[in-house]
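This briefing goes through a few local features of one protein model. Please have the sequence and the structure open while reading.

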Amino acid sequence: MSATISCREFADYFAVPVQNKMNPAFVFEVEGKPFSIEEYYLNDLEHIHHSRLSPHLLEEPAITRAVYEVAISLIQMFDDLDMKESGAKTRSGTPYVSERSSVLVFLPGLGEINYMHGLLTNMVHKRLQVYPLHSSVTLEEQNNVFLSPVPGYRKIILSTNIAESSITVPDVKYVIDFCLTRTLVCDEDTNYQSLRLSWASKTSCEQRKGRAGRVSKGYCYRLVHKDFWDNSIPSHVIPEMLRCPLGSTILKVKLLDMGEPRALLATALSPPSLSDIERTILLLKEVGALAVSGQREDENAHDGELTFLGRVLAQLPVSQQLGKLIVLGHVFGCLDECLIIAASLSLKNFFAMPFRQHLDGYRNKVNFAGSSRSDCIALVEAFRAWQTCRQRGELRHPKDELDWGRLNYIQIKRIREVAELYEELKTRMSQFNMYVGSRRPVMDQEYTYKQRFILQVVLAGAFYPNYFTFGQPDEEIAVRELAGKDPKTTIVLKHIPPYGFLYHQQLQSFFRQCGQVKSIVFDGAKAFVEFSRNPTERFKTLPAVYMAIKMSQLKVSLELSVHSAEEIEAKVQGGAVSTLRSTRVNVDFQKQTVDPMQVSFNTLDKLRTITDLFLTIEVTEVVEVGHFWGYRTDEKSWEFLQRLTAEINHRALAPLPVHPHPDLVCLAPFADSDKESYFRAQILYVSGNSAEVFFVDYGNRARVALDVLMEMPCQFLELPFQALEFKICKMRPSARCLVCGERWSSRASRRFSSLVSGRTLLVKVFSVVHSVLHVDAHLPSGLQDMVSVRGILIGQGYAEPAEEPYESKQSHEVLKGLFSKSVENLTDMSMASPVKDDEKYLIRILLESFSSKKLGNPNCKAVLHGPFNPYELSVIV
């Protein structure tokens, strides 16, 4: 019998009446002959730790750094213990044993495993092979724990309670137990289930202890004090019936007509409380599985009769929420998607999250989820991708399927289990005349988006009230925290060391796995990392921002190798560089510049090219309804563009010195021009022997061959780009033209394109937000009165009026104040607080000293905090 089961409780439960008293069932004890296991507690380990651990620090379930250090010290001590037992000699003054016994460390969760893994990784020259073991690691990683270590190395297994009883590693000699676990609990008020950190029971800890001593004498180290173990650690774990909802159990009781649930459950070994039963019955009535009885006087009918939905839920091997999801999926025509979600959530997650590669696995899941930001939709898309590849015969051989799984971070064995349950659920639903059908309209281009929107509504209805909504952030605080940067492209790092711009390449390498870094602004102890945005894509939060925030959630260490401020100031320019401590520095990776920048509201930056609220523009690229690119057609702007083009094409151009890559600014020809002239362009995508480029002075794009791209001379990089990005203000999609909560319908897109594409517009600037001009656009009508594009879209039902966001209204007030002055004063204000030449000189000297190693090698470590985004963007977890 398992060590976690209370024999006495079972004996009492099966007691029989004999001579007017209850005699417990007889317990047979079969003694085995395991090897002896010695137990130790924190009281016994004071000799390996410099400071005494206070017992009161361990009253709350948590692991302090000091306790981690005890575990590390224990692992270091095992060499001496092995050598003493085996009588091994020393080699070069270091204890050496040919076979080093394995260590099993019990930790409560993945976060603690990650932290402990980092501490062990930093132990150089200790010859350790460290393996994580928890429910989300891949099956290949789980199998690694059974492999024999390299001779002379010690195997360390960092495990959750998954190794408590289901896995036995024979060569484990040492067990280190933090005596913690995460148990599934249910909140009484919301009925929401979650994993909560708590102390493991004595029976569970005894089971963990038994993992050692299988092939030789064992040792168990419990990292709690002996008196805390005796007095505070619970003897037995609370049965799941007392911790979790009873919905499935009560539905089975009703389906089998076994009487009143309260009476039947009272006969259980660990009967639940009456309040839990009553709360579960109320929840089932809210779900619709039990009928709300109108006969309150009938005491036997208070729990209600099974409804049709209840009968379906009782016969499905899934939870009530997932069962309701399936039924709602049938009602709303998305049964197939709901069956996939139910099968996937009922079993273990088939997305692979390899240890130390969680970010890569997360990126794959984000790609499957698309713009939905939904785990459930990611599961549907991944499952269908696997199904499609199998139907096409691309995964005919097992090796092909495993390779596909590794490429897409999907565990093939688990997705096969999901497929089996999916087919089982389809069969069971067919008993209720619910079938998966294909009803996709042939000509409806928006079918996919409509289905996704319906599916999201069904998910909300099935999981109500246990789902989350996006709350509105405090925009004023968020704008202040981001210092005017775009929250859709920017994250913030804190605790930046002095002269942080020296380490911009280290920061760029940190976030290269997230996306292309466009610029980093260093402002005191903060750094604002901005990722590159495709100028021809609609407004949305970049996946790179989600990836960076996920790094913070995964507690990925961002550690810089730095010089102390005192060392820098002592070695460079006799301390003159100390004036740079408070200087705001911008590192532009596109232009490859490191320059000081003035502190100003971002509206002023754009005013260098905009000196009037009314602009005449030529529309060159429509991104979506209300969002487009163009360039100014007034005489002064046109002359500048002509002069710039002539000067570029007058030079002898050189081929690109580097391989073309996205975000590279270069020179490219435009095929529709009268003669083959070159213009400034930014590479968007590279595909084969061609690239998609965006012409930064005109706002349109084209596909060109890679071999015709030319290098951009430095002097042309310094000139501001002339293309302008516009967004029509005070407008949003109407209800009938809104697809999937955020997209404009194709009808609205076609109508907007017919109004503005290739046309000359007169726009009135309302605000400038993150270099995007929010405008009211007007069409020339041949009369004095102009026709508002926004008015047309609202009048024809494609759009509806909307309030501008906080940043736009703030910018509008600034613009009103500025343009109330004369143009001369406006120009003076926009050029106020110029960058000082001596600051640029000192920055250059400091960068040269750093790159040439005149400062020596960095001798300090700086741990950064973040990444953060003050808008608290929700991410897939």
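How many residues does helix 16 have, and how far does helix 16 reach from its first C-alpha to its last? Helix 16 covers residues 412-430, which makes 19 residues, and spans 27 Å, close to the 27 Å expected at 1.5 Å a residue. The model is predicted. The points below cover two helices, a strand with its partners, and a buried acidic residue.

**Helix 16**
- The buried residues of helix 16 include the hydrophobic-to-polar set Ile412, Arg414, Ile415, Val418 and Ala419.
- Leu421, Tyr422, Leu425 and Met429 are also buried in helix 16.
- These buried residues pack against helix 4 (139-144), helix 10 (308-314), helix 11 (320-331), helix 12 (335-346), helix 14 (375-391) and helix 15 (398-408).

**Helix 9**
- Helix 9 runs over residues 274-287; its 14 residues reach 20 Å from the first C-alpha to the last, close to the 20 Å expected at 1.5 Å a residue.
- Buried positions in helix 9 are Asp276, Ile277, Thr280, Ile281, Leu283, Leu284, Lys285 and Val287.
- The cover over these buried residues includes helix 7 (247-255), helix 8 (261-265), helix 10 and helix 11.
- Helix 10 and helix 11 are also among the elements that the buried residues of helix 16 pack against.
- Gly288 follows helix 9 and has a positive phi, near 105°.

**Strand 29 and its partners**
- Strand 29 (residues 760-769) is largely enclosed by the rest of the structure, because seven of its 10 residues are buried.
- Strand 19 (residues 614-624) pairs with strand 29 in the antiparallel sense over five bridges, and Phe614 stands opposite Lys764 of strand 29.
- Strand 30 (residues 772-779) runs antiparallel to strand 29 and is joined to strand 29 by seven bridges, with Val768 opposite Leu773 of strand 30.
- Strands 29 and 30 form a hairpin with two residues between them, and His770 in the turn has a positive phi of about 55°.

**Glu804**
- Glu804 sits in the loop between strand 32 (799-801) and helix 27 (806-819).
- Which side chain of opposite charge is nearest to Glu804? That side chain is Lys727, 5.6 Å away; Glu804 is buried yet has no salt bridge.
- A polar atom of the Glu804 side chain lies 2.8 Å from the backbone nitrogen of Lys730.
- The side chains of Glu804 and Ser808 share a polar contact of 2.6 Å.
- Beyond its neighbours within four places in sequence, Glu804 is in contact with Cys729, Lys730, Phe766, Ser767, His774 and Lys809.

Key. Residues are numbered from 1 along each chain as its sequence is written. This is a predicted model: local features need pLDDT of at least 70, side-chain atom pairs count only at pLDDT 80 or more; totals for chains, interfaces and linings use all residues. Side-chain values use heavy atoms; hydrogens and water are left out. Helices (H or I, at least four residues) and strands (E, at least two) are DSSP runs, numbered from the N terminus. The expected span of a helix is 1.5 Å times one less than its number of residues. Buried means under 20% relative accessible area, exposed over 50%, partly exposed in between (1.4 Å probe, protein chains only). Contact means heavy atoms within 4.5 Å. Lys and Arg count as positive and Asp and Glu as negative; His and the chain ends are not counted. A salt bridge is a side-chain nitrogen of Lys or Arg within 4 Å of a carboxyl oxygen of Asp or Glu. A polar contact is a pair of N or O atoms within 3.5 Å; within protein, one must be able to donate a hydrogen and the other to accept it, and residues adjacent in sequence count only if both atoms are side-chain atoms. Two strands pair if DSSP finds at least two bridges between them.
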